[in-house]
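Let's walk through this structure together, starting with how its strands pair and moving outward from there.

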Amino acid sequence: MNITFIRRLISASIGRKVLMAVSGLALGLFMLVHLAENLLLFKGEMAYNDWVDFLLSNPLTPFFEVGLLGIFIIHIVMGVWVRVEDFINAPRGYEARKWQGGRTIGSATQLYTAAAILAYLTYHMLTFRFVNHDMGFYQMVTSAFRNNFFVAIYVGGALAVVLHLSHGMQSAFQTLGVSHPKYTPFIKLGGWLVALTMMGFAFISVYYLFGLDLGAAAVEMTVVQ
Amino acid sequence: MNNSKHFNVTIRVWRQSGPDEQGRMVPYEVKDISPDMSFLEMIDVLNENLIKKNEQPITVESDCREGICGCCGLVVNGEVHGPDEHSTVCQLHMRRFKDGDIITVEPWRVRSFPIIKDLAVDRSALDRIIQAGGYISVNTGAAPDANSIPVNKDNAEEAMDSAACIGCGACVAACPNGAAMLFTGAKISQLALLPQGEPEKQTRALNMVAAMDCEKFGNCSNEYECEAVCPKDIKVSNIARMNREFMLANLFSKH
């Protein structure tokens with residue numbers, strides 16, 4: 001059995017980058033689905049809790065969770081590996097150095113936003129995943145969104161994701177060799193759009209923080225009366 | 001001769017007497033510079049003065065002085081190959097500077113390009129990448145007819161654009177990670193795009209990437225600083241092509 005081609009995915013620089021790109025795109029896709037699920041909050045307690053119940057009762061969900069964790073681990077391990085090598089091999093010692101316009105804030109802060117996202121994710125797991133869910137998921141989420149401190153961290157996490165993806169999306173396509181004078185500008189634009197879409201997470205939390213849902217409920221109540 | 005436009009500059013140059021020696025920045029005043037001089041000619045003037053004063057001249061590599069050999073890689077005021085876009089240092093003219101300027105001149109500071117002396121670095125790591133597969137194997141014999149293999153005009157143009165790479169190493173010097181992927185991408189592309197390079201393209205991609213990794217270059221983080229400084233305007237689409245060629249070869253070749 002020849003496993004050179006699998007070994008090369010890890011031993012070759014491009015192999016590691018490809019693993020990071022594929023796992024990154026998968027995580028981006030997951031984030032979009034996650035955002036769509038969060039939007040169910042706006043449909044009310046019933047709709048949101050029903051969806052969560054459906055997910056929890058689905059026998060495939062644990063496998064999906066493990067798979068997602070695996071993808072995260074691949075992305076993090078490959079990312080750190082690549083970055084450590086970059087750190088070792090980076091040109092250094094220039095008395096003066098000017099970037100020539102290729103670097104962006106997103107690309108230069110890729111490692112820092114990654115660390116911020118990981119820190120946020122740990123907090124996210126501790127506050128939403130590994131807690132008692134007796135009060136119901138809708139109540140748990142919306143009450144967290146009425147907490148200043150929580151929303152501040154939540155918005156910070158979303159901003160880190162936006163910045164991370166502003167470089168990461170187009171970078172993944174380039175690494176996978178998807179480059180064409182016709183399509184690359186659209187890929188770059190699309191990458192930014194996906195990144196900015198992640199502000200949706202922040203929007204939802206702020207919506208509840210300022211009690212905008214209560215305003216809507218009050219209007220509904222008045223109409224009913 | 002009208003010397004009214006001549007001016008004086010101070011250059012701060014990296015002086016290092018040998019590969020293992022400690023280096024430092026040393027300031028030199030260069031007087032009576034013509035704005036029409038190239039940057040290297042300005043260094044020539046300085047070196048002549050140093051020799052007259054019985055001091056060691058500054059070691060700087062140069063060959064063609066017309067922007068096509070890739071020898072004269074210098075970092076001028078923090079900019080790889082100086083302030084002109086898509087240009088080499090020999091094509092940089094002193095008219096870009098003004099009287100009294102203090103100009104910082106440094107060599108490529110890349111792990112894989114050890115400094116030999118002063119501003120000269122050893123770029124043979126790039127040669128070893130080429131040796132790993134940057135060629136086509138052709139049996140000797142009579143030269144084939146030039147028109148026997150049809151080549152698509154667009155591909156011919158694109159291969160020519162990739163082949164314009166002069167191997168100066170600016171992409172590595174400018175890369176935040178010290179990656180040589182623009183260089184290797186261009187060298188893989190120039191052959192992958194042509195029918196003559198087609199038969200060996202899989203082994204070429206695998207071997208050249210392996211050689212590149214061997215030389216302790218960094219990994220590309222797709223920030224495209226390399227494209228911005230490349231004197232030959234080599235595009236990062238060459239890196240995408242290398243990634244593509246490498247992955248396809250890894251998945252579908254027998255190696």
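Two strands are taken to pair if DSSP finds at least two bridges between them. Keep that in mind as you look at this predicted model, beginning in chain B. There, strand β1 (residues 7-15) of chain B and β5(B) run parallel and are joined by four bridges. To find one of these places, look for T10(B), whose bridge partner in β5(B) is I102(B).

Strand β5(B) also pairs with strand β3 (residues 75-76) of chain B, here in the antiparallel sense and over two bridges. In this case V75(B) has E106(B) of β5(B) as its bridge partner. How enclosed is strand β5 (residues 102-106) of chain B by the rest of the structure? Four of its five residues are buried, so the strand is largely enclosed.

Now step back to the whole of chain B. Its domain assignment gives domain 1 (7-116) and domain 2 (124-252). The centres of domain 1 of chain B and domain 2 of chain B, taken over C-alpha atoms, are separated by 29 Å. Where these domains touch, 16 residues of domain 1 of chain B are in contact with 17 residues of domain 2 of chain B. The domain 1 side of that contact has seven nonpolar, eight polar and one charged residues.

Finally, turn to the place where the chains touch. Chain A brings 34 residues to this contact and chain B brings 41 residues. On the chain A side, α1 (4-11), α2 (13-39), α4 (61-89) and α8 (148-175) of chain A each supply at least two residues. By class, the residues on that side of chain A are twelve nonpolar, 13 polar and nine charged.

Note on methods:
Residues are numbered from 1 along each chain as its sequence is written. Chains are lettered from A and ligands numbered from 1 in the order in which they are written. This is a predicted model: local features need pLDDT of at least 70, side-chain atom pairs count only at pLDDT 80 or more; totals for chains, interfaces and linings use all residues. Two residues are in contact if their C-beta atoms, placed from the backbone, lie within 7 Å. Ala, Val, Leu, Ile, Met, Phe, Trp, Tyr, Cys and Pro count as nonpolar, Asp, Glu, Lys and Arg as charged, and the others, Gly among them, as polar. A residue is buried if 20 or more other C-beta atoms lie within 10 Å of its own, exposed if 12 or fewer, and partly exposed in between; C-beta atoms are placed from the backbone. Domain bounds come from an automatic or database domain assignment.
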